[in-house]
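Subject: Structure for your files

Hello,

Here is the structure you were expecting. My notes on it follow below the display.

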Amino acid sequence: MRKKPIKSFDAQDVEKELHREQYKNRYKRTLKSTFFALLTAAAAAILIATLWLPVLQIFGSSMVPTLQEGQIVVSIKTESLEPGDIVAFYYGNKVLVKRYIAGAGSFVDIKADGTVFVDGVPLEEPYIKEKALGNCDLSMPYQVPEGTYFLIGDERENSIDSRHSSVGCISADRIVGKIVYRVWPFEVFGVIN
């Protein structure tokens, strides 16, 4: 049997092989570190979106003209809400979006023509198209219970909100956050007033 001759390597071949192996190792390390960086960024984004800045899509027309169906908004978790703020809250297995009108202890009175009074003072409401009493089964004036918020939609005729006993006033533990930014569609991107 004939033996194959042993191939001899010169220094140049060894150096090429060494560079090739070093390149392979660098490529693997880069790929691995990129994967872990992306995984970490995704985990951080999920935590931020869940805990501090929930992102929501608007369904329905109860906040027209301020918010339209299909728009995507960002909310901020906060303990301090001001009357007029738009708030997201849990209602059953849904998240609803309405406007904060009055806090605990305040008296809300909505007249037949749709004018809203809080503690006897009529609200300036430039964000609504048309005043309406809407679907209200509460006796007016109504005192907001302790630890709750009175929330109503901007589309007063069609919104089911704190004016109806099926929803009622919303406790602080059901608040998801204050809606602050509209991020989609891009034409209306920006701060929500």
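I begin with one residue, Ile 86, which sits in strand β3, residues 86-91. Please keep in mind throughout that this is a predicted model. Ile 86 has a relative accessible area of 3%, so it is buried, the cut-off being under 20%. Its C-alpha lies 8.5 Å from that of Ile 192, although 106 residues separate the two in sequence.

Overall layout

The protein has 12 strands and 1 helix. Reading from the N terminus, the helix comes before the strands, in the order α-β-β-β-β-β-β-β-β-β-β-β-β. The protein is more spread out than a compact globule, because its radius of gyration is 29 Å, well over the 16 Å that the globule rule gives for 193 residues. The C-alpha trace spans about 110 × 35 × 30 Å along the principal axes. Of the 193 residues, 35% are buried. If you take contacts between residues at least 6 apart in sequence, 58% of them join residues at least 24 apart.

Nonpolar cores

The largest nonpolar core has 14 residues, and those touching the most other members are Ile 101, Ala 102, Val 108, Val 116, Val 144 and Phe 150. Four strands each supply at least two residues of this core: β4 (94-103), β5 (107-110), β6 (116-118) and β9 (148-152). A separate core of 11 residues lies apart from it, with Ile 58, Met 63, Val 73 and Val 97 among its members.

What does Val 116 touch, leaving aside its neighbours within four places in sequence? Its contacts include the nonpolar-core residues Ile 101 and Val 108. Val 116 is also in contact with Asp 109, Ile 110, Val 121, Pro 122, Leu 123, Glu 125, Ile 152 and Arg 156.

Ile 152, one of those partners, is found in strand β9. With a relative accessible area of 1%, Ile 152 is buried. With neighbours within four places again left aside, Ile 152 is in contact with Met 63, Lys 98, Arg 99, Ile 101, Val 116, Asp 161 and Arg 163. Met 63 in that list is a member of the core of 11 residues. Ser 166 is 14 residues from Ile 152 in sequence, and their C-alpha atoms are 13 Å apart in space.

Pockets

The largest pocket holds about 390 Å³ of space. It is lined by 18 residues, and the closest to its centre are Phe 59, Ser 62, Val 95, Leu 96 and Val 97. Val 97 thus appears in two places in these notes, as it also belongs to the core of 11 residues. Strands β1 (55-57) and β4 each supply at least two residues of the lining. The strand that gives the most is β4, with 5 residues. By class, the lining has 10 nonpolar, 6 polar and 2 charged residues.

The second largest pocket holds about 170 Å³ of space. Its lining consists of Lys 77, Thr 78, Glu 79, Leu 81, Tyr 149, Ala 172, Asp 173, Ile 175, Val 176 and Gly 177. Strand β11, residues 175-184, gives the most to this lining, with 3 residues. Here the classes divide into 5 nonpolar, 2 polar and 3 charged residues.

Backbone points to check by eye

Most peptide bonds are trans, and most residues other than glycine have a negative phi. Which peptide bonds are cis here? One runs from Val 64 to Pro 65, with omega near 10°. Pro 65 is in the loop between β1 and β2 (72-76). Another cis bond runs from Met 140 to Pro 141, with omega near -5°. Pro 141 is placed in the loop between β7 (121-122) and β8 (142-143).

Asp 119 has a positive phi, near 55°, and is not a glycine. It is in the loop between β6 and β7. Asp 119 counts as partly exposed, because its relative accessibility is 45%, and that class lies between the 20% and 50% cut-offs.

Regards

Definitions and conventions
Residues are numbered from 1 along each chain as its sequence is written. This is a predicted model: local features need pLDDT of at least 70, side-chain atom pairs count only at pLDDT 80 or more; totals for chains, interfaces and linings use all residues. Side-chain values use heavy atoms; hydrogens and water are left out. A nonpolar core is a set of buried Ala, Val, Leu, Ile, Met, Phe, Trp, Tyr and Cys residues joined through side-chain atoms within 4.5 Å. Buried means under 20% relative accessible area, exposed over 50%, partly exposed in between (1.4 Å probe, protein chains only). Contact means heavy atoms within 4.5 Å. On a 1 Å grid over the protein atoms alone, a cavity is a set of points where a 1.4 Å probe fits but cannot get out, and a pocket is an open set with protein on both sides within 12 Å along at least five of seven lines; lining residues have an atom within 4 Å of a point. Grid points are joined across faces, edges and corners, and a volume is the space filled by probe spheres set on the points. Ala, Val, Leu, Ile, Met, Phe, Trp, Tyr, Cys and Pro count as nonpolar, Asp, Glu, Lys and Arg as charged, and the others, Gly among them, as polar. The radius of gyration is taken over C-alpha atoms; the globule rule is 2.2 Å times the number of residues to the power 0.38.
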